[in-house]
Amino acid sequence: MKMKKITITSMIAAFTTITSHVIFIPVGFAKIFPIQHFANIVISVLFGPAYSLAQAMIVSTIRNLAGTGSLFAYPGSMIGALLAGLLYVKTKRMGFALIGEVIGSGIIGAVAAYPIAALLFGREAAVFGLVPAFAASSFTGAALGFVLLKMLKKNSAFGGLLYENSSYNRRI
């Protein structure tokens, strides 16, 4: 089962990385990427916070190496992935995963990215530009992931995957 989780996580990370140069919104010196937030919530619900955090770190690293991301990808995606996974594991509700992604990436991640922006770009008001942009991106991507997960839950062919692999069905 662990190999299956790693394989699906890798496939979603590959999809997320491939689309990073196609689907992004340039906001000043940051590139807002809603597909990352989509992947964060899907992996958080399916496999939990550890897989979601690993996926976010892998995608952020590859995007930076490929030149399609920025240093803001690390706090912007990883904090949201972790918080979405933790809230889902605690509550077993997909809505809380969405809230965790938006708060983690949109607010906490943007504030965590502020020192990077101030250091690299010397912009004192950077936090006021990052929070709305990160929040909009994280809400858009998380909402898309939420809708997909709701559809998977209703579809009998994929519903088993959702519950079979979900952190809801952990035997710890």
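**Exercise 1. Describe where Arg93 and Lys92 stand in this predicted model, and what sets the backbone of Lys92 apart.**

Solution. Arg93 is located in the loop that runs between α4 and α5. With a relative accessible area of 54%, Arg93 is exposed, since the cut-off for that class is over 50%. The next step is to ask what Arg93 comes close to in space: its C-alpha and that of Val45 are 8.7 Å apart, although 48 residues separate the two in sequence.

Lys92 is found in the loop between α4 and α5 as well. Its relative accessible area is 30%, and it is therefore classed as partly exposed. Turning to the backbone, most residues other than glycine have a negative phi. Lys92 is not a glycine, and yet its phi is positive, at about 65 degrees.

**Exercise 2. Give an outline of the protein chain: how many helices and strands does it have, and in what pattern do they follow one another?**

Solution. Begin with the count, which is seven helices and two strands. Reading along the sequence then gives the pattern α-β-β-α-α-α-α-α-α. The chain has 172 residues, of which 46% count as buried. As a last step, consider the contacts with a separation of 6 or more: residues 24 or more positions apart account for 69% of them.

**Exercise 3. Work out how helix α2 is placed against α1, α3 and α4, and which residues make each contact.**

Solution. Two packed helices are described by the angle between their axes and the distance between the axes, and each pair can be taken in turn.

Step 1, α1 and α2. The axis of helix α1 (residues 2-19) comes within 10 Å of the axis of α2, and the two cross at roughly 170 degrees. Because of this angle, α1 is roughly antiparallel to α2. On the α1 side the meeting residues are Lys5, Ile8, Thr9, Ile12, Phe15, Thr16 and Thr19, while α2 brings Ile35, Gln36, Ala39, Val42, Ile43 and Phe47. Sorted by kind, the residues of this contact of α1 with α2 are eight nonpolar, four polar and one charged.

Step 2, α2 and α3. Helix α3 (residues 49-66) packs with α2 at an angle of about 155 degrees, and the axes are 7 Å apart. The two helices are therefore roughly antiparallel to each other, and the crossing is right-handed. In this contact α2 takes part through Gln36, Ala39, Asn40, Ile43, Ser44 and Phe47, and α3 through Pro49, Tyr51, Ser52, Gln55, Ala56 and Val59. The residues of the contact of α2 with α3 comprise seven nonpolar, five polar and no charged.

Step 3, α2 and α4. For helix α2 (residues 34-47) and helix α4 (residues 73-91), the axes come within 9 Å and the crossing angle is roughly 30 degrees. This makes α2 roughly parallel to α4, again with a right-handed crossing. The residues of α2 in this contact are Gln36, His37, Asn40, Ser44 and Val45, and those of α4 are Gly76, Ser77, Gly80, Ala81, Ala84, Gly85 and Tyr88. Here the contact of α2 with α4 divides into four nonpolar, eight polar and no charged residues.

**Exercise 4. Find how many aromatic pairs the structure holds, and say whether the residues involved are buried or exposed.**

Solution. A search through the whole structure yields one aromatic pair. A pair of aromatic rings is described by the distance of the centres and the angle of the planes. For Phe47 and Tyr51 the ring centres are 5.7 Å apart and the planes stand at 55 degrees, so the pair is tilted. Phe47 has a relative accessibility of 1% and counts as buried; Tyr51, at 18%, is buried too.

**Exercise 5. Compare the surroundings of Ser105 and Met57.**

Solution. Ser105 belongs to helix α5 (residues 94-121) and is buried, its relative accessible area being 0%. Once neighbours within four places in sequence are left aside, Ser105 is in contact with His37, Asn40, Gly76, Ser77, Gly80, Gly100, Ala110, Phe134 and Ser138.

Met57 has its place in helix α3 and is partly exposed, with a relative accessible area of 42%. With neighbours within four places in sequence set aside again, Met57 is in contact with Tyr74 and Met78. Met57 and Ala13 are 44 residues apart in sequence, and their C-alpha atoms are 9.6 Å apart in space.

Notes: Residues are numbered from 1 along each chain as its sequence is written. This is a predicted model: local features need pLDDT of at least 70, side-chain atom pairs count only at pLDDT 80 or more; totals for chains, interfaces and linings use all residues. Side-chain values use heavy atoms; hydrogens and water are left out. Axes are lines fitted to C-alpha atoms, for helices over the stretch in contact, and angles run from 0 to 180 degrees between N-to-C directions. Helices (H or I, at least four residues) and strands (E, at least two) are DSSP runs, numbered from the N terminus. Angles under 35 degrees count as roughly parallel, over 145 as roughly antiparallel, 65 to 115 as roughly perpendicular and the rest as oblique. A crossing is left-handed if the near helix is turned anticlockwise from the far one by less than a right angle, and right-handed if clockwise. Contact means heavy atoms within 4.5 Å. Ala, Val, Leu, Ile, Met, Phe, Trp, Tyr, Cys and Pro count as nonpolar, Asp, Glu, Lys and Arg as charged, and the others, Gly among them, as polar. Rings of Phe, Tyr and Trp (its six-membered ring) pair if their centres lie within 6.5 Å; planes under 30 degrees apart count as stacked, over 60 as edge-to-face and the rest as tilted. Buried means under 20% relative accessible area, exposed over 50%, partly exposed in between (1.4 Å probe, protein chains only).
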